[in-house]
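Biologist: I would like to go through this chain with you, one region at a time. Could we begin with a single residue and work outwards?

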Amino acid sequence: AEAASPDHPDPSGELSREEALEAERDQFKALAQRTQADFVNFKRRTEDERAAAARNASGRVLVRLLPVVDDMRRAVASVPAEAPATWTDGVKMVLQNLASLLEAEGVTMVEPAPGDTFDPAAQEAVYYQPTDAQPAGAVLSVVQPGYRNADRVLRPAQVVVAKGPETPEPEATGETEAPGQ
């Protein structure tokens with residue numbers, strides 16, 4: 001009978017005690033490596049989720065602040081001429097403080113220029129206006145500016161979009177022609 005060796009396993013098919021221990025060690029080592037990798041992935045995923053939750057909470061507050069900024073812009077634009085300068089300066093300072101706060105949070109105003117191509121990802125078409133002045137699909141005017149924070153749109157800009165000139169509908173005469181006539 002042949003003796004068991006590394007090149008010739010035991011003919012009975014059983015592993016030696018040493019080989020069995022090595023196999024078990026390798027299994028535990030692989031399990032420990034997978035567990036460690038799972039933990040690293042869990043830790044990274046948790047940190048990403050926490051950062052996303054903070055961004056979302058911050059974004060919700062910023063979105064709620066945008067109408068206040070809009071109101072302040074309208075107030076500054078419509079200050080009566082007879083208003084005291086101190087009052088006017090105070091309102092302008094409040095608007096500047098709000099703008100600084102938004103800037104510090106990475107918020108930028110999006111106000112497309114007339115002629116820019118309409119971008120449905122960052123703009124909301126309030127209505128379409130027939131015109132020859134701009135090509136179809138171009139922004140004609142901005143109704144309300146939009147805001148974005150990094151790559152996230154907080155509020156789309158509301159715009160008027162050019163539509164091709166309206167063509168009159170052919171008048172129906174009530175007569176139909178048969179093909180080939």
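Modeller: Certainly. Arg155 is found in strand β5. Please keep in mind that this is a predicted model.

Biologist: Is Arg155 buried or exposed?

Modeller: Arg155 is buried, because its relative accessible area is 15% and the cut-off for buried is under 20%.

Biologist: Which side chain makes a polar contact with the side chain of Arg155?

Modeller: That partner is Asp70, whose side chain makes a polar contact with the Arg155 side chain at 2.6 Å. The side chain of Arg155 also reaches a backbone atom, the oxygen of Pro145, at 2.8 Å.

Biologist: And which residues is Arg155 in contact with, leaving aside its neighbours within four places in sequence?

Modeller: Asp70 and Pro145 appear again, together with Leu66, Pro67, Gln144, Gly146 and Tyr147.

Biologist: Let us move to the sheet. What is the order of the strands that include β5?

Modeller: The order is β1-β4-β5, in an open sheet of 3 strands with antiparallel pairing. Strands β1 (107-110) and β5 (152-155) are at the edges; each has a single partner strand, so one side of each has no neighbour in the sheet. On average, neighbouring strands of this sheet are turned by 35° against each other, direction ignored.

Biologist: Over how many bridges do β4 and β5 pair?

Modeller: Strand β4, residues 146-149, pairs with β5 over 3 bridges in the antiparallel sense. Within these strands, Asn149 stands opposite Arg152 in β5.

Biologist: Which helix packs on that sheet?

Modeller: Helix α1, residues 17-77, packs on the sheet and touches β1, β4 and β5. The direction of helix α1 makes about 45° with that of β5.

Biologist: Now the other sheet. What is its strand order?

Modeller: The order is β2-β6-β3, again in an open sheet of 3 strands, with mixed pairing. Strands β2 and β3 (139-144) are the edge strands, each pairing on one side only. From one strand to the next, the twist averages 30°.

Biologist: In which sense do β2 and β6 pair?

Modeller: They pair in the parallel sense, over 7 bridges, with β6 covering residues 157-163. Gln129, for instance, stands opposite Ala162 in β6.

Biologist: Staying with β2, where does Gln123 lie, and is Gln123 buried or exposed?

Modeller: Gln123 lies in strand β2, which covers residues 123-130. Gln123 counts as buried because its relative accessibility is 9%, and under 20% is the criterion.

Biologist: What is Gln123 in contact with, leaving aside its neighbours within four places in sequence?

Modeller: The contacts of Gln123 are Pro112, Thr117, Phe118, Val139, Pro156, Ala157 and Val159.

Biologist: What about Ala121: buried or exposed?

Modeller: Ala121 lies in the loop between β1 and β2. With a relative accessibility of 61%, Ala121 counts as exposed, since the limit for exposed is over 50%. From C-alpha to C-alpha, Ala121 and Ala157 are 9.9 Å apart in space, and 36 residues separate them in sequence.

Biologist: Finally, the chain as a whole. How many helices and strands are there?

Modeller: There are 2 helices and 6 strands. From the N terminus, they run α-α-β-β-β-β-β-β.

Biologist: How much of the chain is buried, and how much area is exposed?

Modeller: Of the 181 residues, 19% are buried. The chain exposes about 13700 Å², and carbon and sulfur atoms supply 54% of that area.

Biologist: And what share of the contacts between residues at least 6 apart in sequence joins residues at least 24 apart?

Modeller: That share is 63% for this chain.

Key:
Residues numbered from 1 in each chain as written. Predicted model: local features only at pLDDT ≥ 70, side-chain atom pairs only at ≥ 80, totals over all residues. Heavy atoms only, no water. Helix = DSSP H or I, 4+ residues; strand = E, 2+ residues; numbered from the N terminus. Buried < 20%, exposed > 50% of the residue type's maximum accessible area, 1.4 Å probe, protein only. Contact = heavy atoms within 4.5 Å. Areas by Shrake-Rupley, 256 points an atom, 1.4 Å probe, with all protein chains shown as cover. Pairing = 2+ DSSP bridges. Axes fitted to C-alpha atoms, helices over the stretch in contact; angles between N-to-C directions. Polar contact = N/O pair within 3.5 Å; in protein donor to acceptor, adjacent residues only side chain to side chain.
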